Amino acid sequence: MLERRELFPNVIEMNRQARRRLGCCVYLVHSQGEWLLIDIGYEDTVTDIIDIIRDMDFPLAKCKYLVVTHADVDHVQGMKRARELLPGAVMVGHPLAAEALAAGDRILTYAEIPAQGISIDLPRIKIDKTVSEGDILKVGDLELTVWHTPGHTEGQLAFRCGELLFSGDNIFRDGCVGNIDAHHGSDIADFIKSLTRIRDSDVKWLLPSHGPAFRNDRKLLQSTVDRLDGYQHMADFGTCAVDWPLLDEWDRELTH
Ligand SMILES: [Zn+2]
């Protein structure tokens, strides 16, 4: 049996477990013999991930949920394959993620960025059960409470488990956030609300979907909120900005 390298009690992160970068963070949460996975990453790493899980002695039939934080291709491309290997698991995600994945929406999911020549396969994925704000996922005697945290995408979810928050692409250890992009359904005002909620919560640890876990540090969160607040008034962010003060200035100068 492979030694389990727990990040927190009952929580294993698969990149950390493998001691190499597989892709996005894939969290395995387990209790009383049951377990779930939060995100899976690209299809080409699914077999490696499932092999490691089997080697850690988690029975594949005991996987209760496959959890989708949001519908981005780098988080979900492998879900179809994962479900084939874990037939007992129920796939859960936000209704908007379910809609994008069922439709195979290549723009919302970042499978296709034509201007950059990016075109990635994305199988149609059917989410079995939609969840949103306040819903609870039970695994053994643990409960994960669903937080709807839009901003990066409209349907992004985070999951609270005690003092931990599986925080998706809301914020990373360096204070960066998930990509802000109009074609992706990003909304800066919503993003600020989601970050403020995380900042003001008594969650102690953030377990993001990219990079290492880190403390829920008020200063870090605040500086990110302040930066995003600035974005709302910058032309740099195009239609994601709410206004552009320079145009008001220009109006005044033109009429003067
Ligand atoms: Zn991401």
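Strand β4 (residues 63-67) runs parallel to strand β5 (residues 90-93), and 3 bridges connect the pair. Keep in mind that you are looking at a predicted model. Within this pairing, Leu-66 has Met-91 of β5 as its bridge partner. Both strands belong to an open sheet of 6 strands, ordered β1-β2-β3-β4-β5-β8, with mixed pairing. At the borders of this sheet lie β1 (11-13) and β8 (129-130), each of which pairs on one side only.

**Into the core**

Leu-66 is a good residue to click on. Which residues does Leu-66 touch, once those up to four places away in sequence are set aside? They are Leu-37, Ile-40, Met-79, Ala-82, Arg-83, Leu-86, Ala-89 and Met-91. Leu-66 also sits in the largest nonpolar core, which has 69 residues; together with Tyr-27, Leu-36 and Leu-37, Leu-66 touches the most other members. The element that gives the most to this core is helix α5 (residues 95-103), with 5 residues.

**A helix with one buried face**

Now turn to helix α2 (residues 46-55), where Val-46, Ile-49, Ile-50 and Ile-53 are buried. Why do these residues line one face of the helix? Viewed down the axis of α2, the buried residues fall within an arc of 95°, so they share one face. A general rule helps here: an α-helix has 3.6 residues a turn, so residues three or four places apart point the same way. The buried residues of α2 pack against α1 (14-18), β2 (27-31) and α4 (79-85). After the helix comes Asp-57, with a positive phi near 75°.

**The other sheet**

There is another open sheet of 6 strands to find, in the order β9-β10-β11-β12-β13-β14 and again with mixed pairing. Its edge strands, β9 (136-139) and β14 (214-215), each pair on one side only. Inside this sheet, β10 and strand β11 (residues 157-161) are antiparallel partners, joined over 4 bridges. Thr-145 stands opposite Arg-160 in β11.

Here are two strand pairs from the two sheets:

| Strand pair | Sense | Bridges |
|---|---|---|
| β4 and β5 | parallel | 3 bridges |
| β10 and β11 | antiparallel | 4 bridges |

Leu-142 lies in strand β10 (residues 142-148). Is Leu-142 buried or partly exposed? Leu-142 has 19 C-beta neighbours inside 10 Å, while a buried residue needs 20 or more, so Leu-142 counts as partly exposed. Setting aside neighbours within four places in sequence, Leu-142 is in contact with Asn-10, Val-29, Ser-31 and Cys-161. You can also look from Leu-142 to Val-203: they are 61 residues apart in sequence, and their C-alpha atoms are 16 Å apart in space.

**The whole chain**

Finally, zoom out. The chain's secondary structure comes to 8 helices and 14 strands. How many of the 256 residues count as buried? The share is 43%. If you take the contacts between residues at least 6 apart in sequence, 63% of them join residues at least 24 apart. The C-alpha trace spans about 75 × 40 × 30 Å along its principal axes. For 256 residues, a compact globule would have a radius of gyration near 18 Å, and the chain has 19 Å, which agrees.

Conventions:
Residues numbered from 1 in each chain as written. Predicted model: local features only at pLDDT ≥ 70, side-chain atom pairs only at ≥ 80, totals over all residues. Core = buried A, V, L, I, M, F, W, Y, C linked by C-beta atoms within 7 Å. Buried ≥ 20, exposed ≤ 12 C-beta atoms within 10 Å, placed from the backbone. Helix = DSSP H or I, 4+ residues; strand = E, 2+ residues; numbered from the N terminus. Contact = placed C-beta atoms within 7 Å. Rg over C-alpha atoms; globule rule 2.2 N^0.38 Å. Pairing = 2+ DSSP bridges. Arc of directions from axis to C-beta.
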